[in-house]
Amino acid sequence: MSADPRVSIHPDSSVLMAAIAARLITKLVDTQDRYGEATVVLTGGSMGIGTLKAVAESPARLAVNWSKVNIWWGDERFVEADSPERNTKQAGEALLDRLALDPARVHRPGAADDFATPDDAAADYARRLAEAAASEHEADVSGSRPDAPGRLPRFDVLLLGVGPDAHVASLFPEMPGIRETERTVVGVEHAPKPPPSRISLTLPAIKSADEVWMLVAGEDKAGAVGLALAGAGPVHVPAAGARGRSRTLWLIDAAAAARVPQELVRKEPASA
């Protein structure tokens with residue numbers, strides 16, 4: 001089961017990133033109040049990294065117990081670990097390096113220094129996700145605990161950018177990754193934007209998240225946003241398939257909203 005999308009439009013990208021930062025801080029605090037910890041799946045790109053910078057600039061970030069935040073990534077470029085192209089490196093510079101994180105809770109995908117191929121790195125990341133799911137299952141003392149652990153830990157909120165071609169994470173239109181239905185992580189070769197080698201969560205893994213937030217700004221994304229929200233199929237428009245189990249939020253600026261069906265638009269406060 002997945003939630004139908006809701007759309008929140010902000011005047012421009014700077015206001016949008018500040019609003020997403022406020023939402024994210026509130027989400028992490030509320031989730032920690034409920035579970036004692038929180039798990040976020042980060043994204044790269046201008047919006048993903050810009051949002052992390054906005055979190056870093058917010059005094060409210062101090063309300064989060066960062067030592068109890070689990071961090072994963074939706075995708076990563078398969079390059080050397082110290083490459084400036086790595087989403088993990090950019091996230092560190094934008095925010096993570098200045099937080100009191102527990103290193104054991106920060107799960108960086110493997111790099112080209114450590115693995116021969118993107119498929120090898122993807123298999124390692126899938127293994128680590130399954131191990132985290134097993135640990136979470138073992139610690140669950142609720143009466144609703146399933147008999148066996150799943151392959152993924154609980155993702156409280158998963159952030160995604162959207163490309164002009166409507167790709168999300170590193171799932172590109174009509175490529176094998178977007179067609180994957182069994183694996184949680186895939187290696188990607190010959191991506192249509194550089195670098196060509198990547199690893200990515202699959203659509204089933206993305207859809208396991210409690211909430212999925214789509215972060216989109218810019219006129220060049222308006223067509224992709226419009227197609228995704230008009231009900232296009234995910235093989236041709238991957239963004240259309242990204243849904244959270246309880247909430248799917250499209251957090252976009254006015255330029256990206258040019259082709260959004262008006263019946264989907266809701267004006268809502270940034271801290272909702």
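In this predicted model, Ser 8 stands opposite Leu 251, a residue of strand 9, and this pair of residues is a convenient place to enter the sheet. Ser 8 belongs to strand 1, which spans residues 5-10 and pairs with strand 9 in the parallel sense over 6 bridges. Further along this pairing, His 10 has Asp 253 of strand 9 as its bridge partner.

Leu 251 also has a residue opposite it in another strand, namely Leu 215. Here the neighbour is strand 8, made of residues 211-216, and strands 8 and 9 again pair in the parallel sense, over 6 bridges. To pass from strand 8 to strand 9, the chain runs through helix 7, residues 222-229, and the β-α-β crossover made in this way is right-handed.

Stepping back to the whole sheet, we find 6 strands in the order 1-9-8-5-2-3, which form an open sheet with parallel pairing. Strand 1 and strand 3, the latter covering residues 69-73, are the edge strands, each of them pairing on one side only. From one strand to the next, the twist averages 20°.

We can now return to strand 9 and look at its side chains. In a regular strand, side chains alternate between the two faces of the sheet. In strand 9, Arg 247, Leu 249, Leu 251 and Asp 253 point one way, while Thr 248, Trp 250 and Ile 252 point the other way, and all of these residues are buried. Because buried means under 20% relative accessible area, and because 7 of the 7 residues of strand 9 (residues 247-253) are buried, this strand is largely enclosed by the rest of the structure.

Notes. Residues numbered from 1 in each chain as written. Predicted model: local features only at pLDDT ≥ 70, side-chain atom pairs only at ≥ 80, totals over all residues. Heavy atoms only, no water. Buried < 20%, exposed > 50% of the residue type's maximum accessible area, 1.4 Å probe, protein only. Helix = DSSP H or I, 4+ residues; strand = E, 2+ residues; numbered from the N terminus. Pairing = 2+ DSSP bridges. Right-handed = clockwise from strand over helix to strand, strands pointing away. Axes fitted to C-alpha atoms, helices over the stretch in contact; angles between N-to-C directions.
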